[in-house]
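Reader: Could you walk me through the reasoning behind the labels used for this fold?
Author: Gladly, let's take a look together.

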Amino acid sequence: MSSKKNKNLHKMEEEVSDDDTESSGASEDDDLAYAGNEQVQIDFEGRAPTDPDSHGICQLLQRVFLKAHVNCMLLAELIIAQNFVGSVISQCESDGIESDVDDDMCDDSTIFGITTVLNITAKKDTPCVDQLRAFIIKKAEKHATDAVVKHFRDIFGDETRSIGYLINERFINIPTEISVPLLENLEREIVKAHQKGMKFDFVYYLMFIKLYRKESKKGKPHQDFYTNAEEELLVEKAINSFEYSVVDESDMGMGGDWLKADGNLIPYRKIILFDAKQLPDLIIDIRKQVKGE
């Protein structure tokens with residue numbers, strides 16, 4: 001059983017749809033569909049994941065992997081099991097004060113985001129991590145250059161260079177500002193866990209970046225729009241990466257009209273690797289970006 005620890009974030013205005021945020025199944029366009037005209041105040045908190053969060057975490061991961069053969073529920077259970085690292089974003093408890101959010105829109109179990117890391121080198125024999133690693137190599141073989149494929153194969157095969165799968169997922173309409181305290185807290189927890197002898201001494205971080213692309217037209221270069229704006233900085237610092245379209249895996253039943261109306265934005269995934277030593281400086285850069293410096 002996981003312990004609960006609060007990590008105070010900040011109050012922000014959110015747009016919440018009239019639909020329940022916990023749908024029966026996650027899709028690429030769920031993020032886009034989670035937007036309406038009603039403006040409400042929500043107090044968010046970052047806290048350690050607990051057992052009841054497994055379904056919400058699983059849905060957030062499904063938005064990344066879509067139809068991939070990766071068991072997201074087992075990944076969620078791994079995340080919860082390591083209760084000493086990582087945070088979920090949830091609505092603060094009201095302490096008897098009536099919430100601004102309708103119970104039908106957001107109940108106590110709603111998870112708005114997850115920021116954590118999994119050691120996919122140490123846990124390589126865990127079935128869901130094995131599926132994840134195999135999925136990455138399969139996608140690299142199809143969409144990356146030979147040099148990139150070789151690099152991924154080499155580091156996946158070297159148990160002396162641990163890879164952390166850095167997970168940074170949240171609903172699309174939660175502002176970038178919230179990423180700063182979450183990433184800062186994660187960095188502290190990684191250092192503390194390593195000091196205690198746990199396997200959190202990473203050489204690389206691997207991330208799945210969600211973005212939408214407006215394809216090049218009439219000689220103009222393509223434009224990328226990142227679901228999490230801060231991740232563009234991470235992409236710029238990547239030592240290796242490749243990307244692939246997920247347009248054929250997306251459920252166009254939700255948000256499809258929005259995509260068509262906005263110039264046929266195509267959903268992509270970009271898998272990046274960056275040097276683990278860069279994380280502190282990258283968090284500083286993200287903080288500056290948020291402050292407009």
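Reader: Which residue in strand 6 is the bridge partner of isoleucine 163?
Author: That is tyrosine 204. A quick note first: this is a predicted model, where local features need pLDDT of at least 70 and side-chain atom pairs count only at pLDDT 80 or more, while totals for chains, interfaces and linings use all residues. Residues are numbered from 1 along each chain as its sequence is written, and side-chain values use heavy atoms, leaving out hydrogens and water.

Reader: What makes strand 5 and strand 6 a pair?
Author: Strands pair if DSSP finds at least two bridges between them. Strand 5 (residues 163-170) and strand 6 have 3 bridges, in the parallel sense, so they count as a pair.

Reader: How do you know that strand 6 also pairs with strand 9?
Author: The two are joined by 10 bridges and run antiparallel, so the cut-off of at least two is met. There, tyrosine 205 stands opposite phenylalanine 274.

Reader: Why is strand 6 called mostly covered?
Author: Buried means under 20% relative accessible area, exposed over 50% and partly exposed in between (1.4 Å probe, protein chains only). In strand 6 (residues 204-214), 10 of the 11 residues are buried, so the description fits.

Reader: What makes a set of residues a nonpolar core?
Author: Its members are buried Ala, Val, Leu, Ile, Met, Phe, Trp, Tyr and Cys residues joined through side-chain atoms within 4.5 Å. The largest one here has 51 residues, of which Phe65, Phe152, Leu206 and Phe208 touch the most other members. Helix 4 (residues 127-143) gives the most to this core, 7 residues.

Methods. Helices (H or I, at least four residues) and strands (E, at least two) are DSSP runs, numbered from the N terminus.
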